[in-house]
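Student: Could you take me through one part of this protein slowly, and then show me how the rest fits around it? I would like a close look at a single loop residue and its surroundings.

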Amino acid sequence: MAEPMCPNCKAEGVEHIVSKESRERSRTRQPWFLVVHCDVCGHIYDILAKHTFAQPIAPKFTLPKP
């Protein structure tokens, strides 16, 4: 079975791919991002948004005139 390998340090195995929460926090103290990286050399694979801004959208409908 193939194991992932870090392109920077050649560490093999999924156990070396870890994530860490960002220091930046929202008002509710949730981290904004997750940083996915190699735990051996620190090579960054990806940065994933964890906290997103959402605005509620009210349904738009009209009532027929009587």
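Tutor: Happy to! Let's begin with Ser 22, which sits in the loop between β1 (17-21) and β2. Please keep in mind that we are looking at a predicted model.

Is Ser 22 buried or exposed? Its relative accessible area is 7%, and buried means under 20%, so Ser 22 counts as buried. Across the protein, 15% of the 66 residues count as buried, and Ser 22 is one of the buried residues.

What does Ser 22 touch, once residues up to four places away in sequence are set aside? The answer is Pro 31, Trp 32 and Phe 33. With Trp 32 there is also a polar link: the side chain of Ser 22 reaches the backbone nitrogen of Trp 32 at 3.3 Å.

Now follow that link to the two aromatic residues. Phe 33 belongs to strand β2, which covers residues 33-38. The protein has one aromatic pair by the rule used here. Trp 32 and Phe 33 make up this pair, with ring centres 6.5 Å apart and planes at 80° to each other, an edge-to-face arrangement. If you wonder why two numbers are given, a pair of aromatic rings is described by the distance of the centres and the angle of the planes.

Both rings belong to residues that the solvent probe can partly reach. Trp 32 has a relative accessible area of 33%, so this residue is partly exposed. Phe 33 also has a value of 33% and is therefore partly exposed. Together with Ile 44 and Ile 47, Trp 32 and Phe 33 form a nonpolar patch on the surface, and the four have about 360 Å² of accessible area together. So the buried Ser 22 is in contact with two members of this patch, Trp 32 and Phe 33.

Let's go back to the loop that holds Ser 22 and look at two other residues around it. Arg 29 is also in the loop between β1 and β2. Arg 29 is exposed, because its relative accessible area of 64% is over the 50% cut-off. Its backbone deserves a look too: phi is positive, about 70°, although Arg 29 is not a glycine. That is worth pausing on, because most residues other than glycine have a negative phi. Lys 10, in the segment before β1, has a positive phi as well, near 70°.

The other residue is Glu 21, which lies in strand β1. Side chains of opposite charge can pair when their charged atoms come close. How many salt bridges does the protein have by the rule used here? The count is two. In one of them, Arg 25 pairs with Glu 21, and the closest N and O atoms are 3.6 Å apart. In another, Glu 21 meets Lys 50 at 3.2 Å, N to O. This pair connects distant parts of the chain, since Lys 50 lies in the segment after β3 and the two residues are 29 residues apart. Glu 21, Arg 25 and Lys 50 are thus linked in a network of salt bridges.

How accessible are these charged residues? Glu 21 has 37% relative accessible area and is partly exposed. Arg 25, at 34%, is partly exposed, and so is Lys 50, at 41%.

Another link between distant parts of the chain involves Cys 41, found in the loop between β2 and β3 (44-49). Cys 41 is partly exposed, with 33% relative accessibility. Leaving aside neighbours within four places in sequence, it is in contact with Cys 6, Asn 8 and Cys 9. The C-alpha atoms of Cys 41 and Cys 9 are separated by 6.4 Å, although these residues are 32 apart along the chain.

Finally, step back to the whole protein. There are three strands and zero helices, and the order from the N terminus is β-β-β. Among contacts with a separation of 6 or more, 23% are between residues 24 or more positions apart. The protein exposes about 6100 Å², and carbon and sulfur atoms supply 58% of that area.

Definitions and conventions
Residues numbered from 1 in each chain as written. Heavy atoms only, no water. Patch = residues over 30% accessible without salt bridge, like charges linked within 9 Å, V, L, I, M, F, W, Y side chains within 5 Å. Areas by Shrake-Rupley, 256 points an atom, 1.4 Å probe, with all protein chains shown as cover. Salt bridge = Lys/Arg side-chain N within 4 Å of Asp/Glu carboxyl O. Helix = DSSP H or I, 4+ residues; strand = E, 2+ residues; numbered from the N terminus. Buried < 20%, exposed > 50% of the residue type's maximum accessible area, 1.4 Å probe, protein only. Contact = heavy atoms within 4.5 Å. Phe/Tyr/Trp six-rings, centres within 6.5 Å; stacked < 30°, edge-to-face > 60°. Polar contact = N/O pair within 3.5 Å; in protein donor to acceptor, adjacent residues only side chain to side chain.
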